[in-house]
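Reader: I am new to this structure and should like to learn how its features are to be read. May we go through them in turn?

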Amino acid sequence: MLTRAGTLEPPVNMPATIDVVMFATGPGAPDAEQKLADLLRSLHDYPVIALTMKADEQRGIAAVEAGAAAYICIDDVSADEQESIIEHAVRRHLLQRRLSDTDVTVLSVLRNINDGVIVADRAGRILDINPAARSILGLGARWQPDSDWEQTFCCIDGNGASVRNSAALPLVRARNGEKFSNHTAIYRAPEQPDMWLSINGQGLYDGKRELIGGLITFRDTTDATRQTNALKKQAQFDELTGLPNRNAFSAHLQRAIGRSQRKSTPLAVLFIDFDRFKSVNDTLGHDTGDAVLCEVANRLQNNLRVGDFSARWGGDEFVVCLEDFDELGNAAAAAQKLVLVLSEKYALRRSEVYATPSIGIAISPDSGTEAERLVKAADIAMFEAKKRGGGRFQYYSSTLNTKLAQREELEIGLRHALVRNEFLLHYQPRIDIASGRLIGLEALLRWQHPRFGLLPPGRFLPILESSGLIHSAGDWVIENACRQLAAWQRQFELPDLSMAINISPAQLMHARLIDCVADAIANSTLDPGCIELEIGDGDIVRKRSAEIETLRGLRKLGIRLSLDHFGIGDVSFASLDNGFIDSFVLDHSLIEDVADNQSHQRIIRAAIAMAQGLDIEVAAEGVETLSQLEFLKSCNCDLAQGFLISRPMQADKVSAILRSEIAGTRLLTRGMP
Ligand code: C2E
Ligand code: MG
């Protein structure tokens with residue numbers, strides 16, 4: 001059974017002669033495995049090669065698994081193959097004999113684990129590929145690597161770049177003595193899908209600590225990597241348009257600013273926003289709006305130079321970073337081109353849409369050297385372009401610079417406004433038009449700014465909303481308005497006195513609004529029917545979304561919901577058709593010129609008639625003249641609010657008015673029709 005195979009002519013770099021032991025594996029006895037192990041142990045001074053027949057190849061494999069250096073199917077091997085197997089076995093044996101005791105143990109443990117293990121000598125020749133490695137990589141039991149396999153194995157790094165012929169190859173790193181872990185690389189083989197491997201590596205040393213090779217262990221992480229990549233992609237790309245998103249843009253921009261500073265070349269940020277885009281969504285539906293945004297993304301990509309970077313900032317806002325241009329005029333030329341291209345007809349399957357963009361341009365370094373500041377500057381310039389009629393571009397300028405500086409100061413100040421007690425509420429009375437009685441108040445937020453004085457919400461609300469501070473500020477408003485209403489109801493014995501509280505769309509995105517309102521009602525022991533939340537974005541009421549869930553929760557509490565700014569822009573009749581809304585507030589722009597504007601008169605009449613049909617209450621805001629009030633009365637409008645009746649005022653002034661209200665003195669004593 002045991003054959004001494006005589007001496008083999010050694011390959012270069014090997015001792016002059018070396019004995020090789022070959023043995024033929026016979027049909028297995030019950031204790032064959034143990035015998036094989038004992039045999040191999042007793043022969044550990046020799047490279048041992050198992051000989052078998054092709055039909056019994058499994059025995060050869062078992063022998064290798066038990067510690068033999070190789071196996072040969074004697075009825076299925078060419079002379080060349082045989083030679084290469086023996087040479088390989090000898091090399092492996094020699095390396096193993098030189099290994100330090102520690103590395104011998106490491107190797108024997110590793111060879112039998114579920115991770116793939118590959119051992120290479122100092123010259124990069126592969127000496128061992130364990131069964132797990134063969135199985136992971138899809139290599140047959142007899143497959144032998146050719147001489148440059150080390151250079152092709154995992155020669156694509158985790159980012160898809162080739163590292164062929166470089167010191168970054170995992171096997172090269174290991175045999176150079178580098179210890180590493182979690183090296184991600186792609187294993188590519190013909191007719192096999194790419195596979196991601198997570199690889200650990202280390203050098204192998206002899207007893208004198210001399211480096212004699214290296215080994216890597218690895219496992220297949222393809223599934224996990226795919227999942228991570230998908231998540232990474234989600235975090236970097238906008239789902240609808242496939243363009244990079246705000247995060248990706250900010251990161252890209254910061255790097256681009258660094259490059260432009262090093263090269264001393266300017267860089268431009270373009271902020272693009274579509275004029276009246278909401279009306280596309282409102283009139284043609286969200287699907288059409290989405291289709292337009294996808295086409296915008298296409299047009300941006302097709303009309304920018306290679307190297308320019310575009311992204312979707314959010315909603316109908318897009319941003320572009322232009323690098324490497326010599327004259328500032330080039331940014332204007334690019335912006336003008338985009339104005340034209342993006343204003344062209346959007347021919348969709350079922351409709352044709354026209355949308356015009358307004359574009360703000362900010363140049364670095366003049367307008368800033370920080371990504372966030374540059375985008376803000378471009379955003380402010382975009383607003384200026386809109387103010388000038390839209391469908392145009394506008395450079396960020398030094399006048400706008402003051403605005404940006406102020407905005408930044410406000411933003412920083414707002415972060416502390418709550419804790420510093422700088423917010424306060426003003427209240428504006430609302431009357432019942434038929435009786436002239438004060439029936440409720442609208443709470444209006446004010447900010448007592450330490451430097452700029454008393455600020456109306458128009459100055460800081462957008463910053464509260466964009467910074468996310470609206471949630472805590474909004475909670476504060478609800479809490480305080482409810483507490484004040486409860487105090488007035490008790491003090492003046494007016495249990496029906498109501499309070500309208502404005503809500504930003506962002507607040508409706510979170511269920512915390514429901515908790516906040518519930519707490520405020522409970523703490524003040526108010527009848528929930530006295531609280532009316534005013535929603536400025538009627539579109540929300542129509543959407544099937546998180547906001548609807550919040551509205552449902554709020555209604556369950558028993559409070560009233562109202563649509564603010566009714567009759568303009570995004571608030572439409574369809575918003576009223578689902579039983580959520582108890583009342584709406586006619587926008588002051590409709591009231592403003594109602595005396596002369598017959599179209600507004602018709603809209604108001606129709607809106608009130610419809611509301612009566614749906615049992616919805618109607619309030620009119622911005623009532624400044626008696627003729628406006630007379631007109632509203634003639635249409636049977638329920639409630640009115642405006643400077644004619646009273647300006648918004650502090651709580652103590654409201655107390656005085658309520659006192660006179662009980663005394664029977666109406667707010668509108670003069671010439672009330
Ligand atoms: P709104 O809800 O339409 O509030 C009415 C606004 O019109 C108030 O402006 C009020 O001062 C003003 N106003 C009242 N009567 C007249 C009038 O006769 N003529 C004119 N020209 N204006 C009149 P204000 O206080 O500056 O508030 C502006 C907007 O800010 C509010 O519009 C509301 O949408 C929002 N807002 C106010 N407070 C809050 C708040 O606590 N939270 C949220 N999310 N928004 C608020
Ligand atoms: Mg309001």
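Author: Let us begin with a definition: helices (H or I, at least four residues) and strands (E, at least two) are DSSP runs, numbered from the N terminus. Thr 402, for instance, is placed in helix 14 (residues 398-417). This is a predicted model, in which local features need pLDDT of at least 70 and side-chain atom pairs count only at pLDDT 80 or more, while totals for chains, interfaces and linings use all residues. Residues are numbered from 1 along each chain as its sequence is written, chains are lettered from A and ligands numbered from 1 in the order in which they are written, and side-chain values use heavy atoms, with hydrogens and water left out.

Reader: Is Thr 402 buried, exposed or partly exposed?

Author: Buried means under 20% relative accessible area, exposed over 50%, and partly exposed in between (1.4 Å probe, protein chains only). Thr 402 has a relative accessible area of 47%, so it is partly exposed. Its C-alpha atom and that of Gly 664 are separated by 51 Å, the two residues being 262 residues apart along the chain.

Reader: Into which domains is the chain divided?

Author: Domain bounds come from an automatic or database domain assignment. Here they give domain 1 (1-98), domain 2 (99-235), domain 3 (237-396) and domain 4 (411-662). Between the C-alpha centres of domain 2 and domain 3 there are 45 Å.

Reader: Which residues are the protein donors of the magnesium ion (ligand 2)?

Author: Donors are N, O and S atoms within 2.8 Å of the metal (3.2 Å for Na, K and Ca); water is not among the atoms, so sites may look incomplete. For the magnesium ion (ligand 2), the protein donors are Glu 442 (OE), Asn 502 (OD1), Glu 534 (OE) and Asp 564 (OD), at 2.0 to 2.3 Å. Two of them link distant parts of the chain: Asn 502 lies in strand 21 (residues 498-503) and Glu 534 in strand 22 (residues 531-535), 32 residues apart. Asn 502 is partly exposed, at 28% relative accessible area, whereas Glu 534 is buried, at 0%.

Reader: How do helix 16 and helix 17 pack?

Author: Axes are lines fitted to C-alpha atoms, for helices over the stretch in contact, and angles run from 0 to 180 degrees between N-to-C directions. Angles under 35 degrees count as roughly parallel, over 145 as roughly antiparallel, 65 to 115 as roughly perpendicular and the rest as oblique. Helix 16 (residues 470-492) and helix 17 (residues 512-524) have axes 9 Å apart and an angle of about 25 degrees, and are therefore roughly parallel. Their contact (heavy atoms within 4.5 Å) involves residues including Ile 478 and Cys 482 of helix 16 and Leu 513 and Val 517 of helix 17.

Reader: At what angle do the axes of helix 21 and helix 22 cross?

Author: The axes of helix 21 (residues 598-613) and helix 22 (residues 626-634) cross at roughly 40 degrees and come within 10 Å, which makes helix 21 oblique to helix 22. Among the residues in contact are Ile 604 of helix 21 and Phe 631 of helix 22.

Reader: Which backbone details should I examine in the loops?

Author: Ser 364 and Pro 365 are joined by a cis peptide bond, with omega about 15 degrees. Pro 365 is in the loop between strand 16 (357-364) and helix 13 (371-387). Arg 276, although not a glycine, has a positive phi of about 50 degrees; this residue is exposed, at 63% relative accessibility.
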